[in-house]
Amino acid sequence: MSENIIGYINKNGEIIDTQSAGESCEGCREIPLDNTPEALEILRHSTAHLMAQAIRELYPDAQFFVGPVVDEGFYYDFRTSEKIGEEDLKKIEKKMKELVKKKIPIEKYTISKSEAEAKFQRDDLKQAVLKNIPSEEVSIYRQGAFEDLCRGPHVPNTRYLHNFKLTRVAGAYLGGDENAEMLTRIYGVAFADKESLKEYLKMMEEAKKRDHRKLGTELELFMFNEEAGAGLPFWLPKGARLRSRLEDILFKAHRRRGYEPVRGPEILKAEMWRTSGHYACYGENMYLTEIDGQEYGIKPMNCIGHILIFKQSVKSYRDLPMKYFEYGVVHRHEKSGVLHGLLRVREFTQDDAHIFCTPEQIKPVVLEVVEFVDAVMKKFGFDYSMEISTKPEKAIGDDEVWETATQALKEALDENGLEYGIDEGGGAFYGPKIDVKITDAIGRKWQCGTVQVDFNLPERFDVEYVAEDNTRKRPVMIHRAILGSFERFIAILTEHYAGEFPVFIAPTQVIFVPIAEEHTAYARELAAQMLEEGIDSEIYDRNDSLNKRIRLAEKQKVPYVVIVGDEEVKSRSVAIRDRRKKEQYNLSADDFMLQLAQQLKEGKI
């Protein structure tokens, strides 16, 4: 075995480490020490254990729960009597580096579950982990004096683990249960080489500057109020203007593509959610209440409303595909530990649509949706990729129906040469889906839109249309969101643009800075004209120095800061500071108005 090989992919597609491969690994593919997803999984899993070993040496009473690999790196949940903060991360990193230099072999051994229970009888966290292991045999990884229950895979020696960084300390409920004990969680990241780690850390520094929570406060876009309730955003005037522009652009784009606007109620009888399968498969995420002795559920999704609207009159095959869209407000009970600014909230608005079509129309409908996705993502400067997600463990409907729906998605993309990945078991409970993952300006990936093929809900709600031969047939229902939700997409846009929104969605396009009080009337006149054209502006005429007002205006990251003084009033012109072009120039007021009107049109999708 080469010194550079840290694991294998066996013929079943599983990642295994060098120890698990044994003497020979017929048909296995080698995993070299690099930054491929397979290599990073091994590296990061191993670095999590390296961190745990360092913590144990520094805090001897530390007890460990789980330490998995996650999208952004790895973490470990643990308990210790000492309080650990961000200031302790460097100390832990230093100890980790010492352990790397010692080149400690990492060994795997297997024992029965009952032996493991006896071995860790004094460790309640290990007992909690063992309860969740169905197998009667468990594997343990040992490096020096440290060992932990783990499936692996791991590198064979700590010497491979040079390039890591511990990123933050957080709290985490034991097993994700809000009523359970709060453990300490430390996050970290690891790469195969120093350059990749350096690049990642540079990106993370940039991400901190772009954090939508920070920019949302500075630019006065939105707020949260813990007294009112966690995960419930309030839109401030500027944020509401931005959101309104985005909604308007999308509304027109939907209408151009033949979608009809609809709106359903935000609360329905629980029986409806039982029929749909949401109650059984999604009930723990719903808010339920009782009215007049009957149970109701606040909607977590918009699909039932659209089904009932479709059913309110007889539909013919000539009516299909029928496309309904709604900016639907939904509520989902997210655990407090996962709430994160606008990215993860308990109330949000989906740009939701449901398309009722015949089975023969699935492919053209899916491709039309993909074209819509492409137009939206290009408009905002996002690269994107697609992934087909297949039947999850918790699902409704027959395997045959699922296979038909999944195959239809694959064929639609295959026949048009569109690339995609496969996410086994990642589908919605009622059907397979295409997930759209976008890449922002600093290289981060985000899950946004989705296209889901559903044969199940039309069956459950007895949805029909009159076919060409005058028989009643069942339509296919395609669930579709392009942004995902306005909240999440605006958070991503804020970070993508670093708060410097293009003119067509900027909450404020222009800030006027009058040089003196006598120039304010001219600024107000121009602002009133702009408002008639759908252009929002503000006037900075406070009792501050001119330079201070200009500085404050530029901090708002608006596309244009406009200075007006004697010369501008006299010639009916404006002195422009153009953030986009990073230039200063003068235009007549009329020409500036035309320029802004043209840039507003750039938002057309």
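Colleague: Let's start with a proline. Where is the place of Pro-153?

Modeller: Pro-153 sits in the loop between strand E9 (146–149) and strand E10 (163–173). Bear in mind that this is a predicted model.

Colleague: How do I read the peptide bond from Gly-152 to Pro-153, cis or trans?

Modeller: Look at omega. For the bond from Gly-152 to Pro-153, omega is near 0°, and the bond is cis. Now go to Leu-320 and Pro-321. The bond joining them is also cis, again with omega near 0°.

Colleague: Which elements flank Pro-321?

Modeller: Helix H11 and strand E18 (322–331); Pro-321 is in the loop between them. Helix H11 covers residues 303–311. Keep that helix in mind for the cavities.

Colleague: Next, phi. What is phi of Arg-572 near?

Modeller: Near 50°. The sign is the point: the value is positive, and the residue is not glycine. Arg-572 lies in the loop between helix H18 (566–571) and strand E30 (573–578). Lys-557 is another case, with phi near 60°, positive in a non-glycine residue. Its loop runs between helix H17 (546–555) and strand E29 (560–564).

Colleague: Why does Lys-557 count as partly exposed?

Modeller: Check the cut-off. Buried means under 20% relative accessible area, and exposed means over 50%. Lys-557 has 21% relative accessibility, so it counts as partly exposed. Arg-572 has a relative accessible area of 37%, so it is partly exposed.

Colleague: On to the inside. How many cavities of 30 Å³ or more does the count give?

Modeller: The count is 2. The largest has a volume of about 100 Å³. The second largest holds about 30 Å³ of space.

Colleague: Which residues line the largest cavity?

Modeller: Lys-557 is one of them. Others in this lining include Gln-556, Val-558 and Pro-559. Leu-219, Leu-221 and Lys-238 contribute too, as do Gly-499 and Phe-501. Ala-506, Pro-507 and Thr-508 are also in the lining. Then read the classes: 7 nonpolar, 3 polar and 2 charged residues.

Colleague: Which helix gives the largest share of the lining of the second largest cavity?

Modeller: Helix H11, with 3 residues. The lining includes Cys-303, Ile-304 and Gly-305. Gly-264, Pro-265 and Leu-268 also line the second largest cavity. So do Lys-299, Met-301 and Asn-302.

Colleague: And how do the residues of that lining divide by class?

Modeller: For the second largest cavity, 5 are nonpolar, 3 polar and 1 charged.

Terms used: Residues are numbered from 1 along each chain as its sequence is written. This is a predicted model: local features need pLDDT of at least 70, side-chain atom pairs count only at pLDDT 80 or more; totals for chains, interfaces and linings use all residues. Side-chain values use heavy atoms; hydrogens and water are left out. On a 1 Å grid over the protein atoms alone, a cavity is a set of points where a 1.4 Å probe fits but cannot get out, and a pocket is an open set with protein on both sides within 12 Å along at least five of seven lines; lining residues have an atom within 4 Å of a point. Grid points are joined across faces, edges and corners, and a volume is the space filled by probe spheres set on the points. Ala, Val, Leu, Ile, Met, Phe, Trp, Tyr, Cys and Pro count as nonpolar, Asp, Glu, Lys and Arg as charged, and the others, Gly among them, as polar. Helices (H or I, at least four residues) and strands (E, at least two) are DSSP runs, numbered from the N terminus. Buried means under 20% relative accessible area, exposed over 50%, partly exposed in between (1.4 Å probe, protein chains only).
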